[in-house]
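Colleague: Could you take me through this structure step by step, as you would for someone in a first year of study?

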Amino acid sequence: MGTRNFSNYDRTKVPNAENMCFGIVVSERNAEITKALLDGAVKTLESFDALPENIHVKYVPGTFELVYGVHQMTLNDGYDAVIAIGAVIRGETPHFDYMCQGITAGFAQLNATSKVPIIFGVLTTDTLEQAQERSGGRLGNKGEECAVAAIKMAKF
């Protein structure tokens, strides 16, 4: 089975984003990875004509804090979609499992109750190398995928 680039998508099926406004909340934890994801998201939004002044980026200290940051952005009536960007890399303790479970539950609840679509761009990997492969490496860039999802969900 060959390597699949998950960032491949049909550009003709993505609406124009010229009149859309996006919020992006980025975790400062694992900054090498989250910066690459953010760069991919912004580049992709702009490639579908989102205006730079309509892409608002805020930072939170860690991945768990993304839930709060995204929730605050959904309270602003100006966003068509909000993207959460983070990376949790497995360590030697159960912390990874608790973090992933809490973050996923938080975003599931927010998505079910928010009037604004929330895009879950949090990598959960066993190694730094796996995170690098999904943030611009051989498996694509999850940030790009999130941008496409945000545009599509904003038009839902």
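Colleague: Among the residues that line the largest pocket, how many are nonpolar, how many polar and how many charged?
Modeller: Keep in mind that this is a predicted model, and that the largest pocket is lined by 15 residues in total. When that lining is divided by class, the result is six nonpolar, six polar and three charged residues.

Colleague: Which residues of the lining lie nearest the centre of the largest pocket?
Modeller: The largest pocket holds about 220 Å³ of space. The elements that give two or more residues to its lining are β3 (81–89) and α3 (95–113). The residues that lie nearest the centre of the pocket are R29, N30, V88, I89 and H95.

Colleague: Turning to the helices, are α1 and α5 parallel or oblique to each other?
Modeller: Two packed helices are described by the angle between their axes and the distance between the axes. Here the axes of α1 (residues 31–47) and α5 (residues 142–154) come within 7 Å and cross at roughly 40°. An angle under 35 degrees would count as roughly parallel, and α1 and α5 are therefore oblique.

Colleague: Which residues of α5 are met by α1?
Modeller: The crossing in which α1 passes α5 is right-handed. From α1, the residues that take part are L37, G40, A41, K43, T44 and L45. By class, the contact of these two helices has six nonpolar, three polar and three charged residues. On the side of α5, the residues met are K142, G143, E144, A147, V148 and I151.

Colleague: How are α2 and α3 placed, roughly parallel or oblique to each other?
Modeller: Helix α2 (residues 66–74) packs with α3 at an angle of about 15°, and their axes are 9 Å apart. Since angles under 35 degrees count as roughly parallel, α2 and α3 are therefore roughly parallel.

Colleague: How many charged residues does the contact of α2 with α3 have?
Modeller: The crossing of α2 and α3 is right-handed. The contact is made by L66, V67, V70 and H71 of α2, together with I103, G106, F107 and L110 of α3. Sorted by class, the contact has six nonpolar residues and two polar ones, while the number of charged residues is none.

Notes. Residues numbered from 1 in each chain as written. Predicted model: local features only at pLDDT ≥ 70, side-chain atom pairs only at ≥ 80, totals over all residues. Heavy atoms only, no water. 1 Å grid on protein atoms, 1.4 Å probe; cavity = no way out; pocket = protein on both sides within 12 Å on 5 of 7 lines; lining within 4 Å. Points joined across faces, edges and corners; volume = space filled by probe spheres on them. Helix = DSSP H or I, 4+ residues; strand = E, 2+ residues; numbered from the N terminus. Nonpolar A, V, L, I, M, F, W, Y, C, P; charged D, E, K, R; others polar. Axes fitted to C-alpha atoms, helices over the stretch in contact; angles between N-to-C directions. Parallel < 35°, antiparallel > 145°, perpendicular 65-115°, else oblique. Left-handed = near helix turned anticlockwise from the far one by under 90°. Contact = heavy atoms within 4.5 Å.
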